[in-house]
Amino acid sequence: MSGRSGQDRHGRWADNAYVYDRDGRREGAFCIGDDVPVVVSSRRGGIWTAYGDKGIYGRHPESHGALAGWNSLGDAVWTPRTPFPAGPVHGLTGCTEGDRVWLAWYCPGGTYLSRITPSTGEVTTFRSPVTGIDGLAVRGGRAVFSRRDHGRPAVTLTRARLVGGALKVVAEERVAVPGPVVLRCGQGRDGVLWLRAGDSWGCVEA
């Protein structure tokens, strides 16, 4: 996936998402919106995106909603039904938890996490207890967040629990990793946060 797309003189948006099979053969290509800092996939082949301000205030229709869900054919299958806090929204990171998806984003009012249940369309939004996050994993009522030390071999890990409808920090530590940590290094799936550091991957349980 490429984060940016553009329109040709006929108004068609350029492909910026590509689907490959297990053998590395390309099966399809389509446009997944414009200004896409976050993309995660679900167990059932769904694709979930969060957008930056250039997309939200740009021309691509699905980018306007700040968050979107797609199928592997490139059809938009989900957009938010409820409004977000006022002001520009920018995607930070995301993860999957079984069939549910979590997307993290911020606006002038703060940093938030939206939990989406695709089967029902239900969306629950929580205020994040941590700002500047670039990695997230969730399992049940537990979450782990990562914040990179840009260009350095270290991350800060913050653990939180869901208590009374709010996420509360329970622990925080700075962890050395094998190599420099880069932008969008965290990938969360089913309660495990995978972190890319240099040429290595490490994992942290939520």
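Two strands count as paired when DSSP finds at least two bridges between them. Keep that in mind as we walk through this model, which is a predicted one. A good place to try the rule is β8 and β9: seven bridges join them, and they run antiparallel. These two strands form a hairpin, with two residues between them. For a landmark on this pairing, find Trp102, which stands opposite Arg115 in β9.

Now look to the other partner of β8. Strand β7, residues 90-97, is joined to β8 by seven bridges, and this pair runs antiparallel. Here you can pick out Gly91, whose bridge partner in β8 is Trp105. β7 and β8 make a hairpin too, with two residues between the strands, and in it Gly98 takes a positive phi near 65°.

Step back and the wider sheet comes into view. It's an open sheet of seven strands, in the order β10-β9-β8-β7-β15-β16-β17, and its pairing is mixed. Why do β10 and β17 each have one side without a neighbour in the sheet? Both stand at the edges, β10 at 122-127 and β17 at 200-205, and each has a single partner strand, so one side is left free of a neighbour in the sheet. From one strand to the next, the twist averages 25°. Further along the order you'll meet β15 (residues 181-189) and β16 (residues 192-197), which run antiparallel and are joined by five bridges. In that pair, Gly188 stands opposite Leu193 in β16.

Back to β8 for a moment, this time to ask how covered it is. The strand spans residues 100-107, and six of its eight residues are buried, so it's mostly covered, with buried meaning under 20% relative accessible area. As a general point, side chains in a regular strand alternate between the two faces of the sheet.

What about the nonpolar interior? The largest nonpolar core has 24 residues, and Ile32 and Leu103 are those with the most contacts inside it. At least two residues of this core come from each of β1, β3 (38-41), β4 (47-50), β5 (67-70), β8 and β9. The biggest giver is β8, with four residues. Take Leu103 and see what lies around it: leaving aside neighbours within four places in sequence, Leu103 is in contact with Val38, Val40, Thr49, Leu67, Thr93, Gly94, Tyr112, Leu113, Ser114 and Ile116. Apart from this core lies another, of 14 residues, including Cys95, Ile133, Ala160 and Leu167.

Two more residues are worth a visit. Thr111 is found in strand β9, residues 110-117. Is Thr111 buried or exposed? Its relative accessible area is 7%, so under the 20% cut-off Thr111 counts as buried. Not counting residues up to four places away in sequence, Thr111 touches Leu92, Trp105, Tyr106, Phe126, Arg127, Ser128, Val130 and Thr131. You can also trace from Thr111 to Gly132: they're 21 residues apart along the chain, while their C-alpha atoms are separated by 8.2 Å.

The other stop is Asn16, in the segment before β1 (17-20). With a relative accessible area of 1%, Asn16 is buried. Which residues does Asn16 touch, not counting those up to four places away in sequence? They are Met1, Ser2, Gly3, Arg4 and Ser5, along with Phe30, Cys31, Ile32 and Gly33. Ile32 should ring a bell, as one of the residues with the most contacts inside the largest nonpolar core.

Methods: Residues numbered from 1 in each chain as written. Predicted model: local features only at pLDDT ≥ 70, side-chain atom pairs only at ≥ 80, totals over all residues. Heavy atoms only, no water. Buried < 20%, exposed > 50% of the residue type's maximum accessible area, 1.4 Å probe, protein only. Contact = heavy atoms within 4.5 Å. Axes fitted to C-alpha atoms, helices over the stretch in contact; angles between N-to-C directions. Core = buried A, V, L, I, M, F, W, Y, C linked by side-chain atoms within 4.5 Å.
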